[in-house]
Amino acid sequence: MQNETTKSPFPVFDGHNDTLLKLEIDKIKGKERSFFDRSETGHIDMVRAEEAGFAGGLFAMFVPSNPDQDFSKPFDPKDPANYQPVPQKEALDFTYRLIERAEQIVEDSDQRVAICRTPDEIRSAIDAQTMAISLHIEGAEAIDTQFYALEELHKRGLRSLGLVWSRENAFGYGVPMAHPASPDIGPGLTGPGRDLVRACNQLGILLDVSHLNEKGFWDLARITDRPIVASHSNVHELCASSRNLTDKQLDAIKESEGLVGINFHIAFLRPDGAYSRDMSLDVMADHAAYLVDRVGEDCVALGSDFDGCMLPKDIGDVTGLYRLMEAFDARGFNSQLLEKIAYKNWLSALEKAAA
């Protein structure tokens with residue numbers, strides 16, 4: 001791998017970003033910007049993505065507890081107001097705004113961006129150097145318990161869903177962002193939550209256990225007939241955040257032939273859980289190596305949380321992906337493994353979910 005390059009040696013299909021939300025929040029704040037212009041804010045725009053070799057990923061549609069809040073202030077993980085329930089109708093309306101934003105990006109892209117509904121469409125987009133957007137819901141507040149909205153959102157392109165964010169909803173219970181803490185917090189899935197797992201299996205929608213508490217995880221594992229996927233979570237043994245996965249959970253993911261996407265958020269990586277960006281990328285390589293050893297090289301990918309987290313200083317934004325690949329290379333990961341982590345394992349997981 002050449003150190004002078006600033007582009008990932010392989011296209012990167014990433015398991016989680018909040019770019020649609022970031023663009024919507026900028027509009028709410030009166031600072032709307034074009035996705036196609038280089039920006040000094042946020043982690044992803046088209047210019048930087050093309051420079052980085054960012055081929056696309058799961059673009060999350062997350063509804064904040066108060067979409068009209070003062071977004072000039074940074075997110076406070078300890079503020080209870082950030083975890084208040086969101087009514088279903090409000091959540092659905094906001095989710096449609098995010099879908100419309102994605103569709104507008106595609107329309108304005110001159111065929112440089114596509115919403116992809118199948119792994120084959122993602123492959124074709126990567127081959128054509130077209131950014132692939134796969135629509136994902138983070139926290140199913142927009143879904144009614146009769147699942148009418150689920151079917152409509154699926155028709156619009158939804159292909160991945162996390163039942164909860166870090167708050168309670170009609171389907172289950174999320175984990176707080178606490179350190180040190182166990183993910184074994186609160187009860188398991190509700191009745192509608194169990195039904196939602198089955199409905200997603202029937203529609204071929206990938207189920208994401210990131211943010212789900214441990215009892216909910218085991219409920220989902222017992223019900224689902226598809227691989228268990230954590231789109232943006234890390235190793236609890238290395239960073240004892242409640243957002244991370246225990247060894248027993250990792251073993252269940254391996255047994256299901258699922259996947260773990262490595263989250264770039266510093267507080268889910270650092271052993272001390274500190275909010276400090278001065279962190280060696282060796283720490284990320286530690287998590288990656290642990291996962292490769294525990295779940296196998298076919299079950300590890302990237303789930304950056306771009307535009308939704310605090311990144312290590314040495315990554316900074318999407319253009320820092322090559323530095324992460326260099327850190328993995330230095331750890332002894334060969335080209336075949338790097339290619340799997342960069343994009344191939346995500347394509348395999350989406351194929352298994354849709355089968």
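His211 sits in the loop between strand 6 (206–208) and helix 7 (214–223), in a model that is predicted. With a relative accessible area of 4%, His211 is buried, and a look at its surroundings shows which residues enclose it. Leaving aside neighbours within four places in sequence, His211 is in contact with Glu138, Val164, Trp165, Ser166, Tyr173, Gly174, Val175, Met177, His232 and Arg243. One of these partners, Glu138, is 73 residues away from His211 in sequence, yet the two C-alpha atoms are 8.8 Å apart in space.

Before going further, it helps to know how far the coordinates can be trusted. The mean pLDDT of the chain is 96, and 97% of its residues reach 70 or more. Confidence is lowest in helix 1, at a mean of 95, and highest in strand 9 (residues 300–302), where it stands at 99.

Helix 3 can be followed next. This helix has 21 residues and reaches 30 Å from its first C-alpha to its last, which is close to the 30 Å expected at 1.5 Å a residue. Its buried residues are Ala91, Leu92, Phe94, Thr95, Tyr96, Leu98, Ile99, Arg101, Ala102 and Ile105. An α-helix has 3.6 residues a turn, so residues three or four places apart point the same way. The buried residues of helix 3 pack against helix 1 (19–28), strand 2 (54–61), strand 3 (113–115), strand 4 (131–138) and helix 5. Just after helix 3, the backbone at Asp110 takes a positive phi of about 55°.

Among those packing partners, helix 5 deserves a separate look. The axes of helix 3 (residues 88–108) and helix 5 (residues 148–155) come within 12 Å and cross at roughly 0°. Because of that crossing angle, helix 3 is roughly parallel to helix 5. On the side of helix 3 the contact involves Gln88, Leu92, Thr95, Tyr96 and Ile99, which meet Ala149, Glu152 and Leu153 in helix 5. Sorted by class, this contact has 5 nonpolar, 2 polar and 1 charged residues. Phe147, in the loop between strand 4 and helix 5, has a phi near 70°, a positive value in a residue other than glycine. Phe147 counts as buried, at 13% relative accessibility.

Helix 1, another of the partners of helix 3, contains Leu21. This leucine is buried, with a relative accessible area of 8%. Not counting residues up to four places away in sequence, Leu21 touches Phe62, Pro64, Phe94 and Leu98, and both Phe94 and Leu98 are among the buried residues of helix 3. Gly57, by comparison, is 36 residues from Leu21 in sequence and 15 Å from it in space, C-alpha to C-alpha.

Two further loops have backbone features that are worth checking on the model. In the loop between strand 5 (158–162) and helix 6 (191–203) lies Pro180, and the peptide bond that joins His179 to Pro180 is cis, with omega near -10°. In the loop between strand 9 and helix 10 (321–330) one finds Asp307, which has a positive phi of about 65° although it is not a glycine. At 12% relative accessibility, Asp307 counts as buried.

Two buried residues in later helices complete the walk. His287 lies in helix 9 (residues 282–295) and counts as buried at 1% relative accessibility. Which residues does His287 touch, not counting those up to four places away in sequence? They are Asn234, Val235, Leu238, Cys239, Phe268 and Leu269. Of these, Asn234 is 53 residues from His287 in sequence, while their C-alpha atoms are 6.7 Å apart in space.

Asn345, in helix 11 (residues 335–354), likewise counts as buried, at 4% relative accessibility. Leaving aside its neighbours within four places in sequence, Asn345 is in contact with Leu259, Glu297, Asp298, Cys299, Val300, Ala301 and Lys340. Cys299 and Asn345 are 46 residues apart in sequence and 6.5 Å apart in space, C-alpha to C-alpha. Strand 9, whose residues are 300–302, thus supplies Val300 and Ala301 to the contacts of Asn345.

Technical notes:
Residues numbered from 1 in each chain as written. Predicted model: local features only at pLDDT ≥ 70, side-chain atom pairs only at ≥ 80, totals over all residues. Heavy atoms only, no water. Axes fitted to C-alpha atoms, helices over the stretch in contact; angles between N-to-C directions. Helix = DSSP H or I, 4+ residues; strand = E, 2+ residues; numbered from the N terminus. Parallel < 35°, antiparallel > 145°, perpendicular 65-115°, else oblique. Contact = heavy atoms within 4.5 Å. Nonpolar A, V, L, I, M, F, W, Y, C, P; charged D, E, K, R; others polar. Expected span 1.5 Å × (residues − 1). Buried < 20%, exposed > 50% of the residue type's maximum accessible area, 1.4 Å probe, protein only. pLDDT = per-residue confidence, 0-100.
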